[in-house]
Amino acid sequence: MSSPLIDADPRTVYLVDYQPYPFVLDQVHLTFRLAPRATRVLARLSFAPNPLRPGRHDLRLNGEKLTLISALVDGRKVVPAVDPEGLTIAAGDLPPGGFVLETEVEISPETNTALEGLYMSKGMYCTQCEAEGFRKITYYPDRPDVMARFFVRLEGAMPVLLSNGNMVAQGEGWAEWDDPWPKPAYLFALVAGDLVAHPDRFTTKSGREVALNIWVRPGDETRCAWGMQALKASMTWDEDVYGREYDLDIFNIVAVDDFNMGAMENKGLNIFNSKVVLASPDTATDDDFARIEAIIAHEYFHNWTGNRITCRDWFQLCLKEGLTVFRDQQFSGDMRSHAVKRIEDVLMLRARQFREDQGPLAHAVRPESFVEINNFYTATIYEKGAEIIGMLKRLVGDADYARALDLYFTRHDGQAATIEDWLKVFEDVTGRDLTQFKRWYSQAGTPRLGVHEAWAAGVGGGTYTLTFTQTNPPTPGQPDKEAKVIPIAVGLLNPNGDEVVPTTVLEMNKPVQSFQFTGLSARPIPSILRGFSAPVILERDVPQSERAFLLAHDTDPFNRWEAGRALAKDTLARMVTKGAEPAADLLEGMARLAFDDSVDPAFRALALRLPSDDDMAATLHSVGHVPDPLRIHAAKRDLGLALAKRLAAGLPQLEAACRTDGPFSPDAGPAGKRALRLAALSLLTRLDAGQAAKAAFAKASNMTESFGALSILLENGYGEEELATFGSRWAQDRLVMDKWFAVQVSMAAPDQAAATVDRLTRHPDFDMKNPNRFRAVLGALSANHAGFHHDSGAGYRVLADWLIRLDPLNPQTAARMSAAFETWPRYDADRQGMIRAALARILAAPGLSRDLSEMAGRMRGA
Ligand code: PHE
Ligand code: ZN
C-alpha cells in the first residue's frame, strides 16, 4: 500500500499527512444517563492550544450518528457546523487561550447492531471504542495521540456500573469513576448491567493491593476460575519478565456475548467476547482453555504495551499489537511448551498471514494508507508484527532486547509513539543501524529464500558453504522490493545424527550471500531456519531421505516437526498431481514418532496432523500448479487411510494409554495426552467404522473428549445420533451451541457444505446479529476448503448472500469475513470467475459500507 493506488478512494487516509492535533486536552468529564433508545451523553472537555501547532485553528471534533442537543463554549451557547462525520467550531468563535467545551448528545444503544460505540448485549450496556468507535458516543478528537484524563459519571437503574480507572463514589443508580492515567479515547469503556463478579486479589511486587473481578451474567460464575488464574499468572509474569507492574487499585474484566473481536484492552476494564473468557471442563476444550489463557494475557499486557505507551496514529498499530502478541506468545511458551507453542504459532502464521501476504490483501506491517482502519486488524499487523520483534530479539540477543525494552518503557511512558521511536531504542542500546531492518515494516510480501550447498573436503577438515538467495515478490502497490535483513538460524548434523554445529544465527542482508563452516569431518546435513527464525518461505529441494533423517534426528524441535510436515506436503503434492502412492519414508517416520514415548504427546499429536487443504492449495499454487480443491481433499483422505493402516497395530494401545483419568486439568501435560489420544482416535476411525469414537463420545468426561469424538465421527460420515445427543444436551448453552453449529459445516462433505449452511441459517437459534453464531456457520464454511470451493459455486454464492445481508447490520464483521475470497488468484478460471462474480455482486449492493467496499475492492484489484 505504499504508493497510492490509481483511482484511490477519496476517503483514503495517508500516513504522510500526519499532523499533531491543534489542541491538547487535559481533562475529560463525561456523564452518561443510560436509556436503551435515548442515552444522553454530557461531555465537558478542557482544551488548550497545542504548542506544536502554533496559530489559531478551527476546533474539529469527530462524531457519527449523534443527535446534538446543545453545545457551550466557556458556558456560552454556540451553534457548531455539523456534518455526518463531526462538527466544527470556527477559530474565530473560540477564545484565544484555553476553553471548556460542553456538549450534550443523544444516542441509541439498543439499535446499535454494529457493536461499535455504546451498544446493548443481552440487556447489558457495553462499549467498543477501538479503533474509531468513541466518535459514536460523543463529539471528540477521536485519535490516539490525544491523551486525556477521564472522569466518568454513570447514571442508570443497573446494579453494576463500571468504567475505567478507580471507582471514587457510588450511590443508588449512579457511580463515578476516575482514571488517573491519560489515555486516548479508544481505551474508554463503560459497562452497566445485572452482573455478578468472580472476585480475587493480587498484590504487586511493590505492594499495591489490586482488586480483581471477572464480571459475568448470573449463571456464568462457575466458568470464571480459569480466566482468573490466567490473569494472576499474567500479572506475575509481566513483573518477572518485563518488570511491569499494574497501576490501578482495580482490574475488571467483563464477558459479553455480542462482540466483533476477541477482546479489548480498555484501561482497567477489559471487555471480552464471552467465548474467550468463560470456561469449564464440560463446556470448553483444551484449545479453548489455551486460547483463553493467551488472550487474558494479551489484553493484560496491553496495559503497558498499548495503554501506558500507545500509538501516535493508526498506521502504528503494530507498535502495540505486534509487541503484545510477541509477549503473549512468550508467556504461553513459559506456561506450556516452547516447542509446541512455536509450532502452533507458525501454523497459524502460515495459514493466515502468509495467505494474506500472497494475495490481493497484502499490506505492510506498517501500512501507509487505509480507507477503513477496522480492516487493518489483520494477521499481518498482529502475527507478522510479532515475528519482526522475534527477529529483532534474535539479532540483538536476549540481554540487549531486555535493555532496549527497559529504555522503551522509561523513554516513552505516557506517550503516543511510532515505529521510529521503537527502533530507536534498539539502535541506542546496541549501536546498530536498523535502517535496512526497517524494511520489514514498510514492505509487504513473504520473502522466499533459496539455498545452495557446496562441500569441499580438505586435509584439516572439510568446508561446507551455504549460499542463500532472497527474493521479495511484488505485492499490490509495491512492485519493487529491496533485500531484507534475515536472521537464519542454522545447525549442522553429521550423518550419524550428532549435532556438529549447534544453532548459529546467520545474518543475511544481501540478495545473495554465502556462509562457510570449516573443519568438518564429513559433509553435514543442514537444519535451516531453526525455530522458524524468520517469516520466510524456504525453497529448497531436499531428498525425502534427508527430510526423514531430520524427522528422526533434528535436535531443534521446530525443525524436526517441519521435516515431517515437509515430507507430508511433498507426498500430498505428488498424490494430487501425479496420482502417486503415499511415500514410505513419511509413513515410517510418522510411525516411529507416534509410538516414541520419550517424545512429548502434544508434539506427537501435532506431527500426526496433516497439512490443511488450504495450505496444500497454497503450496501447489506456489510451485505452478492450479490446485483442485476436491482432489486435495481426496488425497488427504487417502493419505489418512494409509497412515491409519500403517499405524493400525499400535493405535488401540496408544489411544488407551493417552486416556487421562482423575480430576480434569487444562494444563499442557494432560491436554497434550488428550490431543494425542484424539489423533489416534481419528486414525482408528478410518478402520473401525466409528466404534472407538462412539465409545469415546459416550464415555467422555469433558468437552475436549466429547467434541473431539463428535468431530471425528462427523468427519467420517458417522455420528448423526451423537450430534443429536450433543445438541439436546447443550441446547441452552450459547457457547457450546456455537460448536454444534460450526462442526456440522466444517465437517460436511464437499457437496453438502453449502446446503448445510442453508439448513442451519434457518435454524431458530441462528442469530445473524450475534457475531459468534454468524461466524460459527459462515466462518466454518470458508474453513471447509473443499466445501467452500466446490465446483458448483454454491459455497461462494451462499457466503456472498450472507455478507450482503450482514453488512447493513454489522459492517465490521462482514468485512472481516469477506477475506475468505482473498485466495481467488490461486484457482482455475471457472472458480476465479465465480469468485469475481461474488465480489462484483457485493460491490453492487446498495449502501455498501466503507468496510466491506474497501475489502471487496482490494480483492477484486480496484
Ligand atoms: N485491540 C484488541 C486486541 O488486540 C483488538 C480489537 C480491535 C478489539 C478492535 C476490538 C476492536 O486486543
Ligand atoms: Zn491486542
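Biologist: At what distance does a polar side-chain atom of Glu299 lie from an oxygen atom of ligand 1?

Modeller: That distance is 2.7 Å, and it can be read with the idea of a polar contact, a pair of N or O atoms within 3.5 Å; within protein, one atom must be able to donate a hydrogen and the other to accept it, and residues adjacent in sequence count only if both atoms are side-chain atoms. Before we go on, please note that this is a predicted model, in which local features need pLDDT of at least 70 and side-chain atom pairs count only at pLDDT 80 or more, while totals for chains, interfaces and linings use all residues. Residues are numbered from 1 along each chain as its sequence is written, chains are lettered from A and ligands numbered from 1 in the order in which they are written, and side-chain values use heavy atoms, with hydrogens and water left out.

Biologist: Which residues around ligand 1 come nearest to it?

Modeller: A residue is near a molecule or strand if one of its heavy atoms lies within 4 Å of it. Here 13 residues surround ligand 1, and Glu130, Glu265, Glu299, Glu321 and Tyr382 come nearest. An N or O atom in the side chain of Glu130 is 2.6 Å from a nitrogen atom of ligand 1, and an N or O atom in the side chain of Tyr382 is 2.6 Å from an oxygen atom of that ligand. Glu130 also has a notable backbone feature, since the peptide bond from Glu130 to Ala131 is cis, with omega near -5 degrees.

Biologist: Which residues are the protein donors of the zinc ion, ligand 2?

Modeller: Donors are N, O and S atoms within 2.8 Å of the metal (3.2 Å for Na, K and Ca), and as water is not among the atoms, sites may look incomplete. For the zinc ion (ligand 2), the protein donors are His298 (NE2), His302 (NE2) and Glu321 (OE), lying 1.9 to 2.1 Å from it, and along the chain they follow the spacing H-x3-H-x18-E. Two of these donors link distant parts of the chain, with His298 in helix H2 (residues 286-301) and Glu321 in helix H3 (residues 317-335), 23 residues apart. Helices (H or I, at least four residues) and strands (E, at least two) are DSSP runs, numbered from the N terminus.

Biologist: Is Glu321 buried or exposed?

Modeller: Buried means under 20% relative accessible area, exposed over 50%, and partly exposed in between, with a 1.4 Å probe and protein chains only. Glu321 counts as buried because its relative accessibility is 1%, and His298 counts as buried at 8%.

Biologist: How many cavities of 30 Å³ or more are there?

Modeller: Rolling a probe the size of a water molecule over the atoms shows where empty space is left. On a 1 Å grid over the protein atoms alone, a cavity is a set of points where a 1.4 Å probe fits but cannot get out, a pocket is an open set with protein on both sides within 12 Å along at least five of seven lines, and lining residues have an atom within 4 Å of a point. Grid points are joined across faces, edges and corners, and a volume is the space filled by probe spheres set on the points. The count comes to six cavities of 30 Å³ or more, and the largest holds about 110 Å³ of space. Helix H20 (residues 734-746) gives the most to its lining, with three residues.

Biologist: Into which classes do the residues of the lining of the largest cavity divide?

Modeller: Ala, Val, Leu, Ile, Met, Phe, Trp, Tyr, Cys and Pro count as nonpolar, Asp, Glu, Lys and Arg as charged, and the others, Gly among them, as polar. The lining of the largest cavity has three nonpolar, one polar and five charged residues, whereas that of the second largest cavity, with about 50 Å³ of space, has seven nonpolar, two polar and no charged. H3 gives the most to the lining of the second largest cavity, with four residues.

Biologist: Which residues lie nearest the centre of the second largest pocket?

Modeller: Val13, Asn62, Glu132, Arg135 and Arg143 lie nearest the centre of this pocket, which is lined by 30 residues and holds about 890 Å³ of space. Its lining divides into twelve nonpolar, three polar and 15 charged residues.

Biologist: Where is Leu529 placed?

Modeller: Leu529 is in the loop between strand S30 (525-528) and strand S31 (537-539), and has a positive phi of about 65 degrees although it is not a glycine. Leu529 is buried, with a relative accessible area of 3%.
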